[in-house]
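Reader: I would like a close look at one part of this model, taken slowly and in plain terms. Please stay with one strand and whatever packs or pairs around it.

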Amino acid sequence: MDDLNALAVEHLALARTSPHGRSAHLLLREDTLRQTVIALTGGSALDEHNAPPAASLQVLRGAVRLTAPSGDVELVAGSLHPIPQERHGLLALEDAVVLLTAVND
């Protein structure tokens, strides 16, 4: 079993040395279920992209803004939020680590 705290520390350190300010690790891949740890430095973003059929975002550290046409949502450590069924993006308001859980076709 992977240690989420250790992965958060590791990938935040990698994100800080990355020219794009991010690092990711596929934690779980089982049939259609995917869980990915994503670290972003403050001000870094994941550009707008399509939503999977079902997904949620849990903030492990820091704070992020989930952006979508239906409205932006600011999330802090401990928050769990569904990903809207529309194009969306993610902006790190400060150094942050999130756990993305997605079900893909």
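Author: What follows is a walk along strand 2 and its surroundings.

This is a predicted model, in which local features need pLDDT of at least 70 and side-chain atom pairs count only at pLDDT 80 or more, while totals for chains, interfaces and linings use all residues. Residues are numbered from 1 along each chain as its sequence is written, and side-chain values use heavy atoms, with hydrogens and water left out.

Helices (H or I, at least four residues) and strands (E, at least two) are DSSP runs, numbered from the N terminus. Strand 2 covers residues 33–40. Seven of its eight residues are buried, where buried means under 20% relative accessible area, exposed means over 50%, and partly exposed lies in between (1.4 Å probe, protein chains only).

The sheet comes next. Strand 2 belongs to an open sheet of five strands in the order 1-2-9-4-7, with antiparallel pairing; two strands pair if DSSP finds at least two bridges between them. Strand 1 and strand 7 (80–82) are the edge strands, each pairing on one side only. On average, neighbouring strands of this sheet are turned by 20 degrees against each other, direction ignored. Axes here are lines fitted to C-alpha atoms, for helices over the stretch in contact, and angles run from 0 to 180 degrees between N-to-C directions.

Strand 2 is joined to strand 1 by eight bridges and to strand 9 by eight bridges; both pairs run antiparallel. Ala39 is the bridge partner of Ser23, and Ala39 also stands opposite Val97 in strand 9. At the turn, Glu30 has Leu33 as its bridge partner.

Two residues lie between the strands of this hairpin, and Asp31 takes a positive phi near 55 degrees there. Most residues other than glycine have a negative phi. Asp31 counts as exposed because its relative accessibility is 70%.

After strand 2 comes the loop to strand 3 (45–49), where Thr41 is found. Thr41 is buried, with a relative accessible area of 14%. Apart from neighbours within four places in sequence, Thr41 is in contact (heavy atoms within 4.5 Å) with Ala15, Arg16, Gly21, Ala92, Glu94 and Asp95.

Ala15 leads to the helix. Helix 1 (residues 4–17) lies across strand 1, strand 2, strand 4 (54–61) and strand 9 (96–103), at about 145 degrees to strand 1. The 14 residues of helix 1 reach 20 Å from first C-alpha to last, close to the 20 Å expected at 1.5 Å a residue; the expected span is 1.5 Å times one less than the number of residues. Leu7, Ala8, His11, Leu12 and Ala15 are its buried residues. Seen down the axis, these fall within an arc of 125 degrees, so they line one face of helix 1; the arc is that of the directions from the helix axis to the C-beta atoms. Strand 2 is among the elements that cover them, together with strand 1, strand 4 and strand 9. On the other side of helix 1, Asn5, Arg16 and Thr17 are exposed.
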